[in-house]
Amino acid sequence: MWACSLVSFIVSAGMSQLAPLLPLYIHEMGVENLAEVAEWSGIAYGCNFVTLALFSPLWGALADAYGRKPMVLRATLWLSMCMCLMGLAQNVYQLTGLRFVQGALSGFQGAVIPLVMAMTPENRSGWAMSILVSGQVSGSLVGPLLGGWLSQAAGIRENFFIMGGCAFAGFLILLFFVREEFTRPESVARRSWKERYAFPLTRPLVLLFLTTFAVQFALMSIAPIITVYVKHLVPDSRNVALLAGGVFAATGLASIMAATFAGRCVDRKGARRVLPVFLICAGLICIPHVFVRNPWELGGLRFLLGLASVGILPAVNSLLKRHTPPQYFSRVFSANFSHQSLGIFVGSLLGGHVASWFGVEYVFYLSALMLLLNACIFLLFFPRVGR
């Protein structure tokens, strides 16, 4: 678990550099018009999540057949290769194509979760997921700062090779320090397509998939408009980028501080009980975002949102573990990761459009509605048997 969390930190630190670096890299490739730079940045960034969602179930099926550790190693090695190839890209078409390939062939975060959950006792699954989430969030906080410094010190193109080297170091850590107890199913080669890739789609799984999509949609629909909102709050400030970065960091900082507590709460109180509480708290905290008067109030609310939302994914994954037969483990978690990727993509895409069509405040109302509605659906329809 600790090795996987360390590699998760490394991968998140590398991937979180892409959002701020892609516009600069695309401009460096010869795209001069700012509107075209923004358009290509959105395409190159978002296409990765589309292919992640499409191909994650395939890798999940192979993980159930041949082992979860090989799939994590495959994802990390492909990620290393894709990052190095991006450093060699000569135009935006090659860069966008490599982002498509990255999503289709890598998908580290979707592969590492079923590995950790399969090797963790059920009464410790929430705590284990909180440690893994801490690694992811810590990396996403460090990444943009590290990427900016490396890009200035070495160059944007060279930074891709550094990220690829770090991913390869993660591959070596997983290769030598992670042991998996896996029994390969008999007669895998003679199974039909349905037996290889399908799994029983029960009501609990459907509700958990919807929860994962709704949470990522709600949180990521806010992300694209934070900088715009900060600019609206302090139109004359010269430090909008710094203030927006601090507001972004507040959510991640809160998640790191509360992750272990939230994981232990999931294990002790039961994921079935605490998940709707987390959803309701996060939904209610989204509403006051509309009424803030300065970036400090916005940062405080983002910090509270981080505290409220940090336990949602550990609770969802704990319930997935409880309601999934062992032979379908990776397929189910990969399907859940597909919904997570779709939520990120649709939320990021729709959030900016809602802000431009109706106003920034409606994005926060939409996020609150998604979270609160999902909590109501979960309370009404999720089975009440056990914890």
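**Helix packing and internal cavities**

At least two residues of the lining of the second largest cavity are supplied by each of two helices, α1 (2-15) and α8 (156-177); helices here are DSSP runs of H or I with at least four residues, numbered from the N terminus. The model is predicted, so that local features need pLDDT of at least 70 and side-chain atom pairs count only at pLDDT 80 or more, while totals for chains, interfaces and linings use all residues. Residues are numbered from 1 along each chain as its sequence is written, and side-chain values use heavy atoms, with hydrogens and water left out.

The second largest cavity (a set of points on a 1 Å grid over the protein atoms alone where a 1.4 Å probe fits but cannot get out, lined by residues with an atom within 4 Å of a point) has a volume of about 50 Å³, a volume being the space filled by probe spheres set on the points. Its lining is formed by Ile10, Val11, Gly14, Met15, Leu79, Met163, Cys166 and Ala167, and α1 gives the most to this lining, with four residues. By class, the lining of the second largest cavity holds seven nonpolar residues, one polar residue and no charged residue; nonpolar covers Ala, Val, Leu, Ile, Met, Phe, Trp, Tyr, Cys and Pro, charged covers Asp, Glu, Lys and Arg, and the others, Gly among them, count as polar.

When the whole structure is searched, three cavities of 30 Å³ or more are found, and the largest cavity contains about 100 Å³ of space. It is lined by 14 residues, of which Ser56, Trp59, Gly110, Ala111 and Ser334 are the closest to its centre. Two or more residues of this lining come from each of the elements α3 (34-66), α4 (68-88), α6 and α16, with the largest share, four residues, coming from α3. In the lining of the largest cavity, six residues are nonpolar, seven are polar and one is charged.

Helices α6 and α16, which both contribute to the lining of the largest cavity, are also packed against each other. The axes of α6 (residues 108-118) and α16 (residues 329-357) come within 9 Å and cross at roughly 140°, where axes are lines fitted to C-alpha atoms over the stretch in contact and angles run from 0 to 180 degrees between N-to-C directions. The two helices are therefore oblique to each other. From α6, the residues in contact (heavy atoms within 4.5 Å) are Gln109, Gly110, Ile113, Pro114, Met117 and Ala118, and from α16 they are Phe329, Ser330, Phe333, Ser334 and Phe337. Seven residues of this contact are nonpolar, four are polar and none is charged.

Helix α6 packs in addition with helix α7 (residues 125-153), at an angle of about 150° and with the axes 10 Å apart. This angle makes α6 roughly antiparallel to α7, given that angles over 145 degrees count as roughly antiparallel, those under 35 as roughly parallel, 65 to 115 as roughly perpendicular and the rest as oblique. In this pair, Gln109, Val112, Ile113, Val116 and Met117 of α6 meet Ser125, Ala128, Met129, Leu132 and Gln136 of α7, a contact with seven nonpolar, three polar and no charged residues.

Helix α7 packs in turn with α8, at an angle of about 125° and with the axes 7 Å apart, which makes α7 oblique to α8. Here Gly147, Leu150 and Ser151 of α7 meet Ile156, Asn159 and Ile162 of α8, and the contact divides into three nonpolar, three polar and no charged residues.

Terms used: 1 Å grid on protein atoms, 1.4 Å probe; cavity = no way out; pocket = protein on both sides within 12 Å on 5 of 7 lines; lining within 4 Å.
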